[in-house]
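This briefing is an introduction for a reader who has not seen this structure before. Look over the sequence and the model first, then read the points below.

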Amino acid sequence: MNCIFCDIIERKAPAEIIFEDDKVLAFLDIKPIHYGHILVVPKKHYSDLLEIPGDALCSIIKTAKMVTGALVKSLKPDGYNLFSNNGKAAGQSVFHFHMHITPRYFKDEIHFKLKLKDYKNTEMQNIASLIKNEISNYI
Ligand code: 5GP
Ligand code: ZN
């Protein structure tokens, strides 16, 4: 399997590494939204959020918080985004689960172009029922 993040973890590809422990690696994104954009990845290969076990995900989130603290203190952005793209339709391009952390600035002119919908009649309850019916499979 060809995976650039596995190559970075195994030091077969270069990266600017910010932090690592036995489970997690954090390094700078090569094409940052802003300078200091960080990726946090599990050392074991999982393709997306549904594949990564809960304890590995906890390690990712804890590390994300830690490196965000260091990012905020060092680069002093006005804010920051944490996000994860899952699936091609959602913009995922590397299929090794990862969290993005990117600094944000008041005048950075980055806007998500959203077309927000309205629920009609019982659509909201119907959608909630569909999701709730599956919840027991994921607890
Ligand atoms: P995704 O599009 O899957 O949410 O995010 C993948 C991210 O990995 C992108 O932001 C991209 O810039 C970054 N990336 C892809 N290849 C490399 C690489 O070789 N090195 C580093 N540091 N980042 C990479
Ligand atoms: Zn991988």
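Cys58 is partly exposed, with a relative accessible area of 45%. The model is a predicted one. The points below cover its cysteines, a zinc site and a pair of strands.

**Cysteines**
- Cys3 has a relative accessible area of 5%, under the 20% cut-off, and therefore counts as buried.
- The value of 45% for Cys58 lies between the cut-offs of 20% and 50%, so Cys58 is called partly exposed.
- No disulfides turn up when the whole structure is searched: the number found is 0.

**Zinc site**
- The zinc ion (ligand 2) has as protein donors Cys3 and Cys6, each through SG, together with His45 and His96, each through ND1.
- These donors lie 2.1 to 2.3 Å from the zinc ion.
- The site is tetrahedral, and the angles among its 4 donor atoms are 99 to 117°.
- Along the sequence, the spacing of the donor residues reads C-x2-C-x38-H-x50-H.
- Cys3 is in the segment before α1 (4-9), while His96 is in the loop between β4 (79-83) and β5 (99-104), so this pair ties together parts that are 93 residues apart in sequence.
- Both Cys3 and His96 are buried.

**Strands β1 and β2**
- Strand β1 covers residues 17-20 and strand β2 covers residues 24-28.
- The two strands pair in the antiparallel sense, over 3 bridges.
- β1 and β2 form a hairpin, and 3 residues lie between them.
- Opposite Ile17 stands Phe27, a residue in β2.

Terms used
Residues are numbered from 1 along each chain as its sequence is written. Chains are lettered from A and ligands numbered from 1 in the order in which they are written. This is a predicted model: local features need pLDDT of at least 70, side-chain atom pairs count only at pLDDT 80 or more; totals for chains, interfaces and linings use all residues. Side-chain values use heavy atoms; hydrogens and water are left out. Donors are N, O and S atoms within 2.8 Å of the metal (3.2 Å for Na, K and Ca); water is not among the atoms, so sites may look incomplete. Four donors count as tetrahedral if all angles lie between 85 and 135 degrees; four count as square planar and six as octahedral if opposite donors are over 155 degrees apart and all others between 65 and 115; anything else is irregular. Helices (H or I, at least four residues) and strands (E, at least two) are DSSP runs, numbered from the N terminus. Buried means under 20% relative accessible area, exposed over 50%, partly exposed in between (1.4 Å probe, protein chains only). Two strands pair if DSSP finds at least two bridges between them. A disulfide is a pair of cysteine sulfur atoms within 2.5 Å.
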